[in-house]
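This report covers a helix contact and a set of ring pairs. Please keep the sequence and the model in view while reading.

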Amino acid sequence: MTSSSDRLVARSPCPFATAARLEHLDLSELPGSPDKMIPAVVPAFRQCIREAAIGKSDGLLLEIEPEAVTATADLARAVFDVITCIGQLSSPPTQVKMTDLYDSSWWFRFDNEKLFVIAFDGRSSRRDQRYTFGAPNIYLLFQHRNAFRRRFGTDIPDTIRQWVRSSFRRGGLPYNPF
């Protein structure tokens, strides 16, 4: 990972994220919109997901330059654009709806693997849970379902979700969806 992404993960109030073993895919140097850059990294993305499924990692952190994703300041739209492109390259293809991003029980499916997705944005304020601690780009954290199962014996239980949200609140970063 880059020093920026290391800092983001290490300083996160999420105790699960700070303990996670993550691969890092940096798209911030690639030119173009998601539909142009995502196909180039799907083989590496697919490999990272396979490794997370068998326990070599917990998931991956995808780093994207904000200007490459969207001309608006809307993080939800940027995330939607990226995961829609990734989902179209899944086998089978995955359909994503904007409302999925606001559903706390939603899992993104890629190649029939379930992934929990959370986004961080370098444009977020210090008082936002999506704050990146000075890292400038957008980061999408894809955590494999098996990473949670290895730790908790199940998908993300409600008690763990509440624990993570309270950790953010204690860190001065109240939880809110996009």
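In which hand of crossing does helix 3 pass helix 5? The crossing of helix 3 past helix 5 is right-handed (the near helix is turned clockwise from the far one by less than a right angle; anticlockwise would be left-handed).

## Basis

The model is predicted: local features need pLDDT of at least 70 and side-chain atom pairs pLDDT 80 or more, while totals for chains, interfaces and linings use all residues. Residues are numbered from 1 along each chain as its sequence is written, and side-chain values use heavy atoms, without hydrogens and water.

## Helix 3 and helix 5

Helix 3 spans residues 34–53 and helix 5 residues 75–88; helices are DSSP runs of H or I with at least four residues, and strands are E runs of at least two, numbered from the N terminus. Their axes lie 9 Å apart at an angle of about 55° (lines fitted to C-alpha atoms over the stretch in contact, with angles from 0 to 180 degrees between N-to-C directions). Helix 3 is therefore oblique to helix 5 (under 35 degrees is roughly parallel, over 145 roughly antiparallel, 65 to 115 roughly perpendicular, the rest oblique).

From helix 3, P34, D35, I38 and F45 meet D81, V82, C85 and I86 of helix 5, contact being heavy atoms within 4.5 Å.

## Aromatic pairs

There are seven aromatic pairs in the structure (ring centres of Phe, Tyr or the six-membered ring of Trp within 6.5 Å; planes under 30 degrees apart are stacked, over 60 edge-to-face, the rest tilted). W107 and F116 are one of them, edge-to-face at 6.3 Å and 65°. F116 also pairs edge-to-face with F148, at 6.0 Å and 80°. Because F116 is in strand 4 (residues 113–121) and F148 in helix 6 (residues 145–152), this pair ties together parts 32 residues apart in sequence.

F148 is buried at 3% relative accessibility (buried is under 20% relative accessible area, exposed over 50%, partly exposed in between, with a 1.4 Å probe and protein chains only). W107 is buried at 10%, and F116 at 18%. Ring pairs also link F45, W106, F108, F110 and F142 into a cluster.
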